[in-house]
Amino acid sequence: METRMNLFDTELGTKVGKRIYAVSQVIQESPLPKSTQELVQLRASQINGCGFCVDIHSKDAAAAGEDAARLSLVAAWRHSTVFTDAERAALALTEEGTRIIDGYAGVTDETWALVRKHYDEEQAIALVSLVAMINATNRLGVILNNQGGSYVPGKLTTVAG
């Protein structure tokens, strides 16, 4: 299947894309660890079936030095030993915040308590915002049928131009 449309082919699409990127940039510059950001984005993208975003976040994480075993195990993080307790809390929040449609009641109090145990106020708001933004981006990617496989690490930063 081919991409249905390029968001940046129209004036409105370009404005939307740049604003989404601007919000994402604020989150990237937050005190939330970069490795956690990539793991969260990768996991949400896997759940949502967005090949384009899985491609982006797995390649950007690898280019930034993330361990291949950790990237391979993100989908099975509960059954692996390579993630910290803080990363596990972030991944739990990601799954619960992403799977609302699957009958989940949202984020449990238990998961929220773990997030607050490991992340300060600024990091927690960055994490919550990141989950919301990657879910929005995944939906754009899936609706527009953006395909994964050809992303070059670092290429996404050219959107800001």
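In this predicted model, Lys59 is partly exposed, its relative accessible area coming to 25%. Its salt-bridge partner is Asp55, and the closest N and O atoms of the two lie 2.9 Å apart. Asp55, in contrast to the partly exposed Lys59, counts as buried, with a relative accessibility of 9%. Both residues belong to helix α3, which spans residues 51-63; because they are 4 residues apart there, about one helical turn separates them.

The pair Lys59 and Asp55 is part of a wider set, as the count for the model comes to 8 salt bridges. Another member of this set joins the side chains of Arg70 and Glu66, with an N to O distance of 2.4 Å. Here, both partners are buried.

A further salt bridge brings together the side chains of Glu95 and Arg78, at 2.5 Å from N to O. Glu95 sits in helix α5 (residues 85-98), whereas Arg78 is found in the loop between α4 (68-73) and α5, so this contact ties together parts that are 17 residues apart in sequence. The surroundings of the two partners can also be compared. Glu95 has a relative accessible area of 4% and is therefore buried, given that the cut-off for this class is under 20%. Arg78, at 46%, is partly exposed. Nor does this pair stand by itself: Arg43, Arg78, Glu95 and Arg99 are linked in a network of salt bridges.

It is helpful to place these residues against the annotation. An unreviewed UniProt entry assigns the feature "domain: Carboxymuconolactone decarboxylase-like" to residues 26-96. In the model, this span is 69% helix and 0% strand, and its end C-alpha atoms are 23 Å apart.

Attention now turns from charged contacts to a nonpolar part of the surface. Val107, Trp112, Ile125 and Val128 make a nonpolar surface patch of about 320 Å². One of these residues, Val128, lies in helix α7, which covers residues 121-143. Val128 is partly exposed, with a relative accessible area of 34%; this value qualifies Val128 for the patch on the accessibility criterion, because patch residues need over 30%.

Terms used:
Residues numbered from 1 in each chain as written. Predicted model: local features only at pLDDT ≥ 70, side-chain atom pairs only at ≥ 80, totals over all residues. Heavy atoms only, no water. Salt bridge = Lys/Arg side-chain N within 4 Å of Asp/Glu carboxyl O. Helix = DSSP H or I, 4+ residues; strand = E, 2+ residues; numbered from the N terminus. Buried < 20%, exposed > 50% of the residue type's maximum accessible area, 1.4 Å probe, protein only. UniProt positions renumbered as here; feature names shortened; annotations may be inferred. Patch = residues over 30% accessible without salt bridge, like charges linked within 9 Å, V, L, I, M, F, W, Y side chains within 5 Å. Areas by Shrake-Rupley, 256 points an atom, 1.4 Å probe, with all protein chains shown as cover.
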